There are 2 protein chains.
Amino acid sequence: MFKINDNYQKLPGSYLFSTIAKKVAAFTEANPDKAVIRLGIGDVTQPLTAPVISALHAAVDEMADGATFHGYAPDLGYAFLRETIAENDFRSRGCDIGADEIFVSDGAKCDSGNIQELFAADSRIAVCDPVYPVYVDSNVMAGRAGTYDAATGYWSNVIYMPCTEANGFVADLPKERPDIIYLCFPNNPTGAAITKTQLQMWVDYARKEGCVIIYDAAYEAYISEDNVPHSIYECEGARECAIEIRSFSKNAGFTGVRLGYTVVPKDLMCGEASLRDMWARRHGTKYNGAPYIIQRAGAACYTEEGRASIMGLVEYYMENAKTIYDGLKKMGYTVYGGVNSPYIWLKTIDGMSSWDFFDYLLERANVVGTPGSGFGPNGEGFFRLTAFGTHENSKAALERIAKL
Amino acid sequence: MFKINDNYQKLPGSYLFSTIAKKVAAFTEANPDKAVIRLGIGDVTQPLTAPVISALHAAVDEMADGATFHGYAPDLGYAFLRETIAENDFRSRGCDIGADEIFVSDGAKCDSGNIQELFAADSRIAVCDPVYPVYVDSNVMAGRAGTYDAATGYWSNVIYMPCTEANGFVADLPKERPDIIYLCFPNNPTGAAITKTQLQMWVDYARKEGCVIIYDAAYEAYISEDNVPHSIYECEGARECAIEIRSFSKNAGFTGVRLGYTVVPKDLMCGEASLRDMWARRHGTKYNGAPYIIQRAGAACYTEEGRASIMGLVEYYMENAKTIYDGLKKMGYTVYGGVNSPYIWLKTIDGMSSWDFFDYLLERANVVGTPGSGFGPNGEGFFRLTAFGTHENSKAALERIAKL
C-alpha cells in the first residue's frame, strides 16, 4: 500500500482562518437576522482602483486578438513588471536589487509556503510568537517542526521568539542558533514595526551565524514613520542573507486578484549554490508564471496615477485603523499596532482567553476578529482586528463593542 | 551555516523548455533576419474566445465596484466553478464526482508538481519514458528519485515504463511495484491515446497493488475516438486509487491565463487518512485560490456558447495536427500522435539524435520543435512538433521541412 506524508497528520486542527470561517458560517446560519461585521481575516473590502481596472480591461482586450495575445508568461515574470518593481520598490529607496532578482508569483502566501523547499530537511527554523501560521505549517508539512505539544502549543524543533508587551512585540535574538529566521514587519498579527537599527541587528546576526532571513514585507505600504525600513535591503549586508516577500494584496487590494513577488539576491549563496538559481529552478519546474493580465494590473500600480490611487486605498484603511485604535483606547482597552500597520492588537478583558473573546465578540456584538492564540501561545490573551473593513463597518463595530 | 535542499543540485541542466528557450533566443540574436517558427513548447497561439473575453470584462467590472468586489477566493475554488466542472466534465459522462472533490488551481503544471507532497518521502514513483519532465523533476526535488546516471539518463529510484513503437507508446504494467504511477493520456509527448480497456487494466492493477495513479488529462479535449476515455473515473474503481489533473490551457487557450483543477475523490484513502482532506489542507495552507476574474472565465467555457467557441479552437489546432501529420508522412517520415492529441511524434531521419535534429531543424528550416530525448531516454531518436501554431505557420513549417 502507498504511504502518505504523515507530517500532514501532525497538524493540529485546521488552518486558522478556515476554522474561523466555519465558526462564522455556523453562527450566521443559526442567526440569519444578525448582521455580522468581519474584521477577522485580513481581506480588503474596497474595489480595485481605476488605473488597475483600466489596465485589466486593456490586457483582456489584448488577449482577444491574435496579434497581441499572450500565451505562457516567462516563468519568473514579465520583464516590464520585474523592471518596474526593481526600480520603484528598491532602487528608488537606495536598495541595490536588480530585475533578475525579482520573482513574480501569484501571491505572498504561496511564496511564504514554498520558500522552505530550498532548505535542507533538517534545517531549524525560528519564528516569532505569535506568528502568521503559514511559516510554521509549511515547515510542519515538510517534516522540520518535530512534534506538537498540545499542552504548550509549541513544536519541539521550532525555535520560538516571543513577541510580548515587554519587548514591544519585536523579538529578541534567539538563544539557540536557527538556520532560517522568519520575520514579518510591519508585523502580522501584532501590527508592530521594526526600526532600521533593530533590523540591522538581525541582518548582522544572520551574517555572523550563517542564517537566512525570510523577510515578509507584505504590509510595507502601511509604514508611516520615518525610522521604519520599507525593505530589508535598506540594511547593510542583507543581500547576503535575506529573502524578501512582497504582496499586492494589502496595498492595491489584490487579495482576489493574486499577485506577489519574492526577492532572492544573487549574493545569497550557500557554498557554490545560488539560492536565486534554485528559486528560478523551482519556478521553472513547478510554476507557470502569473497571468499576463494580472501582471499588467500589477504594473499599473506603479504609474503616477496608479501610485496615487493606491495611496488612497492605504489612507482609507488607515483611517479605519485610527477609528478602531482610538475607539478601543477610549473604552479602556490596551491596544497596539495600527500606526505602521492595518492590524490592531488588543488585550482581551476580564482575563478572557483569545477564543472566549472571539465567541464573546461574535455572539454579543456580532463582530468577527481573530483570536491571538491562533497565531501562537504568546498571542493568548490578545485579539486582532483589521482595518480592512469599510469606514461604516469599522465605526459600527466600535459602537457595538462600546455597548457591551 | 544554513544548508540547502541538495536534491536541487542533483537536477541535471535546466528545465527542458528553459533550455530550448535559451537556444532559440541565441539563434534569433545571431540571425535576426530569420523568421523562426515555434512548434516546440506546447503554447497556444489563438486568442481567447469571445465568451471568455466577455466573462473577463464582466468580472473586471465587478471588481471595480464595492458592492460586487471579490477579495480572497475560497481556497478550493468558487462553488460556481466547482459545480459546473463536476456536472459537465464528469457527471454528464457518467463519472461519479462531486463538486467537493474538485480543487481549482492556477494550472495543471503547479498541481502536477505539488501533488507529490502528499506522499511519503520514500515513495517509489513510476513514470512513462518518455515523459513530461515535471513529474520526475518535482520528485527529484523532494528526494525520491535517488541519483542520476548521466550515461543512461535514468534516476536510480524511479521505475521507468518504456513507451515505444512496439507497445504503441502505451506503457506495459511495471515489473516492480510502485507507490505512485504517473499516467498522461492523451499523452504528452507522444500523442498516444489509451483505450478504456487499457486504462481499466491500470486501475485494476493500482487497486490490487495499493498504488495511486496520478492521471494527467490535460489534453482530454483533443480526443476524437470513441473508445478513448475522457476521464479515468470512467473506469470502475478509479475513485479508490486515482487523482486526475485537468487544464484549461490546451482547450480554452488559457496558457497565459492560468487555470486548472485536480480531482481527489473522497474514496481515495490511506488507512484513516483522506487524500482529499490532505490536498484541501495543502490548498488552505500554501495556496490562496485562483483569481476571481479567471474563475469566471473558466465558468464561461461551459456555457453553450463557450463550449462551441472552445470546440472551434480545438478544431483549429487539430487541422494543424493533420497538416503536420499528413505532410511529414508524405515526406516519408515515420509519424505518430496527432489523432487524439495536438502532438505529433516523429522519428528523426538518418539516425540523428533528438538534439541534433533540433539543431538541424532550427538552423536549416528555422523551425523549433522539442527533442524527444528531453522527455526521457526512450524519447531518443524522436522529436515532438505541436499543432498549436497558426494554420499559416504550420503550413510554412512543413514547406520548409519539405525543402531540406
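**Figure 1. Loop residue A:Phe169 in the predicted model.** A:Phe169 lies in the loop between β6 (159–162) and β7 (180–184) of chain A; helices (H or I, at least four residues) and strands (E, at least two) are DSSP runs, numbered from the N terminus. The model is predicted, so local features need pLDDT of at least 70 and side-chain atom pairs count only at pLDDT 80 or more, whereas totals for chains, interfaces and linings use all residues. Residues are numbered from 1 along each chain as its sequence is written, and chains are lettered from A and ligands numbered from 1 in the order in which they are written. Although A:Phe169 is not a glycine, its phi is positive, at about 65°. Most residues other than glycine have a negative phi. A:Phe169 counts as buried because it has 24 C-beta neighbours inside 10 Å; a residue is buried if 20 or more other C-beta atoms lie within 10 Å of its own, exposed if 12 or fewer, and partly exposed in between, with C-beta atoms placed from the backbone.

**Figure 2. Loop residue A:Asp350.** The loop between β14 (343–347) and α11 (354–365) of chain A holds A:Asp350. This residue, which is not a glycine, has a positive phi near 55°. With 7 C-beta neighbours inside 10 Å, A:Asp350 counts as exposed.

**Figure 3. Helix α6 of chain A and the glycine that follows.** Helix α6(A) spans residues 133–141, and 9 of the 9 are buried, so the helix is largely enclosed by the rest of the structure. The buried residues include A:Pro133, A:Tyr135, A:Asp137, A:Asn139 and A:Met141. Just after α6(A), A:Gly143 adopts a positive phi of about 85°.

**Figure 4. Two cis peptide bonds in one loop of chain B.** B:Phe185 and B:Pro186 are joined by a cis peptide bond with omega of about -15°. A cis bond also runs from B:Asn188 to B:Pro189, where omega is near 20°. B:Pro186 is placed in the loop between β7 (180–184) and α7 (196–209) of chain B, and B:Pro189 is in the loop between β7 and α7 of chain B. Most peptide bonds are trans.

**Figure 5. Packing of helix α3 against helix α9 in chain B.** The axes of α3(B) and α9(B) are 8 Å apart and make an angle of about 150°; axes are lines fitted to C-alpha atoms, for helices over the stretch in contact, and angles run from 0 to 180 degrees between N-to-C directions. The two helices, α3(B) and α9(B), are therefore roughly antiparallel (angles under 35 degrees count as roughly parallel, over 145 as roughly antiparallel, 65 to 115 as roughly perpendicular and the rest as oblique). The crossing of α3(B) with α9(B) is right-handed; a crossing is left-handed if the near helix is turned anticlockwise from the far one by less than a right angle, and right-handed if clockwise. On α3(B), B:Pro51, B:Val52, B:Ala55, B:Leu56, B:Ala59, B:Val60 and B:Met63 meet B:Tyr292, B:Ile293, B:Arg296, B:Ala297 and B:Ala300 of α9(B); residues are in contact if their C-beta atoms, placed from the backbone, lie within 7 Å. This contact of α3(B) with α9(B) comprises 11 nonpolar, no polar and 1 charged residues (Ala, Val, Leu, Ile, Met, Phe, Trp, Tyr, Cys and Pro count as nonpolar, Asp, Glu, Lys and Arg as charged, and the others, Gly among them, as polar).

**Figure 6. Packing of helix α4 against helix α9 in chain B.** Helix α4(B) (residues 79–90) and helix α9(B) (residues 292–300) have axes that come within 9 Å and cross at roughly 25°. That angle makes α4(B) roughly parallel to α9(B), and their crossing is left-handed. B:Phe80, B:Leu81 and B:Thr84 of α4(B) make the contact with B:Gln295, B:Gly298 and B:Ala299 of α9(B). The residues of this contact comprise 3 nonpolar, 3 polar and no charged.

**Figure 7. Surroundings of helix α9 in chain B.** Since 9 of the 9 residues of α9(B) are buried, the helix is largely enclosed by the rest of the structure. Its buried residues pack against α3, α4, β2 and α10 (304–330) of chain B. In α4(B), the buried residues include B:Arg82, B:Ile85 and B:Asp89, and the buried residues of α4(B) pack against β2 (102–105), β9 (242–247), β10 (260–263) and α9 of chain B.

Methods. Two residues are in contact if their C-beta atoms, placed from the backbone, lie within 7 Å.
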